[in-house]
2 protein chains.
Amino acid sequence: MKRRLLLVSNSTVHGGGYLEHCQQQIKDFFGPQVKRILFVPYALHNQDSYTKTARDKLKTLGGGNTFRLLKALYDHNLVTEIKNRVLQDGVPYMGSSAGSNVATVSINTTNDMPIVYPPTFSAIGLVPFNINPHYLDPDPNSKHMGETREQRILQYHEEPDTPSVLGLREGSMLLVEGNQATLLGSTKARLFQRGKPTTEHDPGSDLSFLLTDAQ
Amino acid sequence: MKRRLLLVSNSTVHGGGYLEHCQQQIKDFFGPQVKRILFVPYALHNQDSYTKTARDKLKTLGGGNTFRLLKALYDHNLVTEIKNRVLQDGVPYMGSSAGSNVATVSINTTNDMPIVYPPTFSAIGLVPFNINPHYLDPDPNSKHMGETREQRILQYHEEPDTPSVLGLREGSMLLVEGNQATLLGSTKARLFQRGKPTTEHDPGSDLSFLLTDAQ
């Protein structure tokens, strides 16, 4: 399988510039031979402005609202097209936040508000697991009573046959090359596997075991 | 229209007991003549335990995951049934968090993770607007780069023909009696109307204007 993916948790780290935290990885990922990038602006409402921003400065690449992005990919019949181009032809795929969510099995573990209704939550399926971008540890000082991120993911795993969920903290990203997956960036990732204890993984970890369907 | 609704932001306020912040309102709402309550436990996975909890102590009434609750209501053909019983027969409806979300036009403004796929995001429609429960003001000290709650609701209003969204902060609830709507509880509510400036409303405010379809 030729697949090459760079799935980033988020576009901006607090105090840093747009995509600053992953610019070296983006450079390495695309390399000097890539001359043209197809940018998919569907996750934000003003697509022209978003595309201009991305073109000018490679800003907020692939972020926005996951539901809006996935619905537009289906509306334009792009899901299978992208899947084939990436998995069969080896076209590199990079996504951040919403763009990482739609690369996985499904968008069931997005943090976004469901502002539009896509025809399914199934996504492009470039990897056999799900991602939770912007993964957030519980704040012990919070007085807010909403569920923690961990509780939400554990609720997801109460449902039958649900895939593993990789919680990518801000500053973290996953590089996939064929059947090799490596965690990059500056923060650890938290892995939720249905029926197993959750585990923490340091930057540099080999996560290739997540690419076998029957983990 | 006979409708009588009590839509609560959340079941527990920080530092308080289950439904403690709204127990007087619940008592007033159901009154002495109500002997039996139909409890809908679909929003949590372990429904027997949830029902027992609710029966024993009226705990976390109507909370849980909004997607799971709405899907189960459709799976059991209960959406129209509940709507008719509440709007035509005047059966009182009380919901908290997920239970408030499903009482509105749609679940497009839930905070929950989309762990299951309902056949539509349209909900019971007991009122002609949407609610965002657990409404949260931006934390100026946060380093997290996810969208604020306000940003998410404004994204929703970028979509055409989207209804108003009432942001109910924790500790807040809406009482609807026929064509009268009153904000109760201890916290203010924030109202988002498409194409208009957002507004703040104190406890005790008359929000009946939200019940006319063409606000």
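What follows is a chat about how chain A and chain B meet in a predicted model.

Colleague: So how many residues are in contact between chain A and chain B?

Modeller: On chain A it's 41, and they touch 41 residues of chain B.

Colleague: And how much area is buried between the two chains?

Modeller: About 3500 Å², with carbon and sulfur atoms giving 57% of that.

Colleague: OK, what about charges: how many salt bridges across the interface?

Modeller: The rule finds six between chain A and chain B. One pair that meets in a salt bridge is B:Arg68 with A:Glu159, at 2.9 Å from N to O.

Colleague: And how many residue pairs are in polar contact?

Modeller: Across that interface there are 21, counting pairs where both residues are at pLDDT 80 or more.

Colleague: Which elements of chain A supply at least two residues to the side that touches chain B?

Modeller: That'd be α3 (66-75), β3 (130-135) and α6 (149-156). Of the elements, α6(A) gives the most, with five residues.

Colleague: What's that side of chain A like by class?

Modeller: It has 16 nonpolar and 16 polar residues, plus nine charged ones.

Colleague: Switching topic, what rotation superposes chain A on chain B?

Modeller: One of 180 degrees, with 0.0 Å of shift along its axis and an RMSD of 0.0 Å. The two copies are therefore related as by a two-fold rotation axis.

Colleague: Do they meet through the same surface or different ones?

Modeller: The same surface, because 100% of the interface residues of chain A are also interface residues in chain B.

Key
Residues are numbered from 1 along each chain as its sequence is written. Chains are lettered from A and ligands numbered from 1 in the order in which they are written. This is a predicted model: local features need pLDDT of at least 70, side-chain atom pairs count only at pLDDT 80 or more; totals for chains, interfaces and linings use all residues. Side-chain values use heavy atoms; hydrogens and water are left out. Contact means heavy atoms within 4.5 Å. Buried area is the accessible area (1.4 Å probe) that two parts lose on being put together, summed over both. A salt bridge is a side-chain nitrogen of Lys or Arg within 4 Å of a carboxyl oxygen of Asp or Glu. A polar contact is a pair of N or O atoms within 3.5 Å; within protein, one must be able to donate a hydrogen and the other to accept it, and residues adjacent in sequence count only if both atoms are side-chain atoms. Helices (H or I, at least four residues) and strands (E, at least two) are DSSP runs, numbered from the N terminus. Ala, Val, Leu, Ile, Met, Phe, Trp, Tyr, Cys and Pro count as nonpolar, Asp, Glu, Lys and Arg as charged, and the others, Gly among them, as polar. Copies are superposed by least squares on the C-alpha atoms of residues with pLDDT of at least 70 in both.
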